Amino acid sequence: MQIQLKAYNLKLKHTFTISRESHDIQPSLIACLTLNGKTGYGEATSNPYYNITVESMMAEINAISAEIENFNFTTPEAFHAFLVEKGLTNFAICALDLAAHDLYGKLKGKSLYDIWGTTLETYPTTNYTIGIASIDKMVAKMKEMPWPIYKIKLGTNDDVNIVKALREESDAIFRIDANCAWTADETIKNAPLLKELGVEFLEQPLKADDWEGMKKVMKHCVLPVIADESCIVENDVEACGTHFSGINIKLTKCGGLTPALRMIKKGKAMGVKVMVGCMTESTVGISAIAQLIPQLDYVDMDGALLLKEDIANGVIIKEDASVTFPTLGGSGVTLK
């Protein structure tokens, strides 16, 4: 098996702001694994919140590149176990695990959703994210991208009024993501007002480790609350299942499709809603997420839609929010 790493700076259409950071460029790592004439592609983005850079991921992977190339590849699951044993961060593992799944499906000549025994008869619609900005700019972003579901980033001193202003411009479903910026009392106070404004659920309103606050929220909040920063790896699902209405799984944070599949199964067994989200990946990462959508209640896979220029072909999210899947096996990715 041959390995190649490619670093990209993905330029965004607009400055992307959440409660704790802003950026215009998303650095991203693409891992390429080639075997028997087929190449699989995987992706992991950098993330300052988790102290992950493209350079740090490349250094990790390059340190074991010879072992990767000598690895007897049979299944993505066996390859993932090998990477975990080598002590790589979950972000680096994600890039390789996604590449391994794409490669495996291409070698089998089947899409991953088919390999997993799921069909595309029904699947959730992805939301489109509106980052924090002035109300005029947030409205302009919505008008630029008419969409049935918006995820609205909040964490300002005027959050409810922002949603009121946006509601005047759209009858779409709203989802709110405060990225850990609220307190329990703020969440409980804001929720009835936001529910009246057509908000479907709240995502990670409290700090990731505020479990006592979440107990209070779950008791008094009139809207469902989905865990994000509180749900990073497989072991987090159990605690989140008793403190939240649902979980948002990020492939980069948990280490790829291999653990994500287990997290989906565990979440469903606990009776909570299951969502998979993105980290402003290109179509490489988004195409991997898309393979999971028949298994999900909600999905946030708009990363490639937020880019000025994409770097890959694969799953296409069309203007009507429907999804076109490639006939190529695996995740169906090719680099441009």
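**Notes on the strands and the cavity**

1. Strand β4 (128-130) runs parallel to β5 (residues 149-153), with 3 bridges between them; helices (H or I, at least four residues) and strands (E, at least two) are DSSP runs, numbered from the N terminus. Within this pairing (at least two DSSP bridges), Thr129 faces Lys151 of β5.

2. A word on the basis: this is a predicted model, where local features need pLDDT of at least 70, side-chain atom pairs pLDDT 80 or more, and totals for chains, interfaces and linings use all residues. Residues are numbered from 1 along each chain as its sequence is written, and side-chain values use heavy atoms, without hydrogens or water.

3. Looking wider, β4 belongs to an open sheet of 8 strands, paired in parallel in the order β4-β5-β6-β7-β8-β9-β10-β11. Its edges are β4 and β11 (298-299), each pairing on one side only.

4. Now to the interior: 1 cavity of 30 Å³ or more turns up in the whole structure. A cavity is a set of points on a 1 Å grid over the protein atoms alone where a 1.4 Å probe fits but cannot get out; lining residues have an atom within 4 Å of a point. The largest cavity has a volume (space filled by probe spheres set on the points, joined across faces, edges and corners) of about 110 Å³.

5. Which elements each supply at least two residues of its lining? They are β1 (2-18), β4 and α6 (135-144), and β1 gives the largest share, 5 residues. Among the lining residues are Phe16, Tyr128, Thr129, Lys141, Glu144 and Leu306.

6. By class, the lining of the largest cavity splits into 4 nonpolar, 4 polar and 3 charged residues; Ala, Val, Leu, Ile, Met, Phe, Trp, Tyr, Cys and Pro count as nonpolar, Asp, Glu, Lys and Arg as charged, and the others, Gly among them, as polar.

Notes
1 Å grid on protein atoms, 1.4 Å probe; cavity = no way out; pocket = protein on both sides within 12 Å on 5 of 7 lines; lining within 4 Å.
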